[in-house]
Amino acid sequence: MQNRDLALKAVLLFSYTYTMMATTLIMPIMGNLAITFPTAGTKIPMLISLPSLVMIPAILLSGYISKYVSKKTVLVFGSILYIIGGFGGGLYDNIDFILLMRTIGGVGTGLVFPLVPALIAQLYQGHEVPKMIGWGNATGSIFGVVFATVTGYLAVMDWHYAFDIYLLYIVLLIAQIMILPHVPPEKQDITMKKDDKNDGLNWLAWVYVLATLVYMVISMVFIVKTAIFIMEENLGNSANAGIASSVVSFTALILCLVFGQVFKILKRYTVVVGFAATGVCFFCLSIAQNFEMIIVASLFMGISLATVLPYLMTTITMVVPKNAQTTAVSFVSTAMYIGQFLAAYYVQAVESFVNGVTRTAFAIIAGQILIIVVIAIGFILLTQSQFDKHVNSHVNSSKTLDA
């Protein structure tokens, strides 16, 4: 029994890697593809942007389908599309064909993405949920580092080989089929029947969706502008920018591994700490006169990424009826990708306000985050009783089921 539980946890954690791999495995060979297809033009960057675009409707579709079809069935189908779209990209030397395969893979990723945290919320209880979600994010980060390196070496021999890595997911697909339990569709699950009259998202859940959107818009500014800022201010070169990025990833990885414990201690104030870390990050950038301060800012961004997103993904499943958990995760996931898209326009708006001075833009963003932190504290204090009511309803439902 214990071995099967460990196997189930392993399958769920490895299933967390789809989103990370969707981008990581293509980035090292972008230069090779640009050389191979010199007339492709804007189709080359579309290899990354197009899958992310099609993921948005696929994520929403996944949340809807899971009401009528078992999550396991949808997840397995998404995995099949992911493997076909991934491996298929290396079969034919045609940029349009590769884009088609990337699109199919994007649909598969979108179908899988919200189901993994939704399954965790359904199969586990209490502090096991945030712990598993934290471990899932850490697993994705580890796989991202390892496979990005492997892909780079394979591309040196032949860029086609990079797509062969997707065949490894056949092993995970088989494990998903054999190990994941067949949970009934949400509309047919007897444990969720009592929620049938209230299977939508309540206003508290929509606040979390909005918070996700706001956070992604702000945090993506660091990804978009830091490397440029380092070069503009003569604080380093592209190698230094790579080091800063690695510091963010490593810090986030370590904290994701202990997110369950952090959430247990800080509870709802986890998100306050995460947003505060984001504000400190941008403040450090605004006053940075050397590369060491960039490293400090990167450390705080790692703390931010490892706390805010896992917190939002965890808590939204606590404030909605059980038969709306997948839908809730789908909307949070969609908000993440819409936020990434809107980040470029947000940067332009802030920089236009300060005549393009990036350092001043960072200071303004830090000030905006301070306001968000104050609002978050007030929101937590005012809604604690309602939050507790939703959490207790989940606990009581679980006790009833166990009885």
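Start by selecting Asn234, in the loop between helix H11 (203-232) and helix H12 (238-257). You're looking at a predicted model, so read everything on this tour as computed from that prediction. Is Asn234 buried or exposed? Its relative accessibility is 68%, and because anything over 50% counts as exposed, so does Asn234. Now check the backbone here: the phi of Asn234 is near 55°, a positive value in a residue that isn't glycine. To put that in context, most residues other than glycine have a negative phi.

Want another one like that? Move along to Lys267, in the loop between helix H13 (259-266) and H14. The phi of Lys267 is also positive, near 55°, and again the residue is not a glycine.

**Two helices to colour**

From that loop, step straight into H14 by selecting residues 270-287. Put a distance between the first and last C-alpha of H14 and you get 26 Å, close to the 26 Å expected for its 18 residues at 1.5 Å a residue. How many residues of H14 are buried? The count is 13 of 18, so H14 is mostly covered, since buried means under 20% relative accessible area. While you have a helix on screen, here's a handy rule: an α-helix has 3.6 residues a turn, so residues three or four places apart point the same way.

Next, colour H15, residues 291-315. Its 25 residues should span 36 Å at 1.5 Å a residue, and the end C-alpha atoms are 36 Å apart, so the two agree. Zoom in on the start of H15 and show the side chain of Asn290: one of its oxygens comes within 3.3 Å of the backbone nitrogen of Glu292.

**Over to the other end of the numbering**

Select Thr17, in the loop between helix H1 (2-14) and helix H2 (18-24). Why does Thr17 count as buried? Its relative accessibility is 0%, and that puts Thr17 in the buried class. Show what surrounds it: beyond residues up to four places away in sequence, Thr17 touches Thr139, Gly140, Phe143 and Tyr169. The side chain of Thr17 also reaches the backbone oxygen of Phe14, at 2.7 Å. For a distance exercise, pick Thr109 as well: Thr17 and Thr109 sit 92 residues apart in sequence, with 9.7 Å between their C-alpha atoms.

Now try Ser66, in the loop between H4 and H5. Ser66 is buried too, at a relative accessible area of 0%. Its side chain has a polar atom 2.9 Å from the backbone oxygen of Gly63. Add Gly78 to the selection: 12 residues separate Ser66 and Gly78 along the chain, and 12 Å separates their C-alpha atoms.

**Inside helix H5**

Carry on to Ser79, which is part of helix H5. With 0% relative accessibility, Ser79 counts as buried. Which side chain does Ser79 pair with in a polar contact of 2.8 Å? Show Tyr18 and you'll find it: the side chains of Ser79 and Tyr18 make that contact. Setting aside neighbours within four places in sequence, the contacts of Ser79 are Tyr18, Val112, Leu173 and Gln176.

**The empty spaces**

Time to turn on a cavity display. Rolling a probe the size of a water molecule over the atoms shows where empty space is left. Here there are 4 cavities of 30 Å³ or more. The largest cavity holds about 100 Å³ of space. It has 13 lining residues, and those closest to its centre are Ala22, Arg102, Gly105, Gly106 and Tyr166. Helices H4 (43-65), H5 (71-88) and H6 (95-112) are the elements that each give two or more residues to this lining. Which helix gives the most? That's H6, with 5 residues. By class, the lining is made of 7 nonpolar, 5 polar and 1 charged residues.

**Two last stops**

Find His160 in helix H9, residues 160-164. Its side chain makes a polar contact of 2.5 Å with the side chain of Asp158. Further off in sequence, beyond four places, His160 touches Gly90 and Asp93.

Finish at Gln368 in helix H17, residues 358-402. At 31% relative accessible area, Gln368 is partly exposed. Draw one last line to Thr151: the two residues are 217 apart in sequence, and their C-alpha atoms are 39 Å apart in space.

Notes. Residues numbered from 1 in each chain as written. Predicted model: local features only at pLDDT ≥ 70, side-chain atom pairs only at ≥ 80, totals over all residues. Heavy atoms only, no water. 1 Å grid on protein atoms, 1.4 Å probe; cavity = no way out; pocket = protein on both sides within 12 Å on 5 of 7 lines; lining within 4 Å. Points joined across faces, edges and corners; volume = space filled by probe spheres on them. Helix = DSSP H or I, 4+ residues; strand = E, 2+ residues; numbered from the N terminus. Nonpolar A, V, L, I, M, F, W, Y, C, P; charged D, E, K, R; others polar. Buried < 20%, exposed > 50% of the residue type's maximum accessible area, 1.4 Å probe, protein only. Polar contact = N/O pair within 3.5 Å; in protein donor to acceptor, adjacent residues only side chain to side chain. Contact = heavy atoms within 4.5 Å. Expected span 1.5 Å × (residues − 1).
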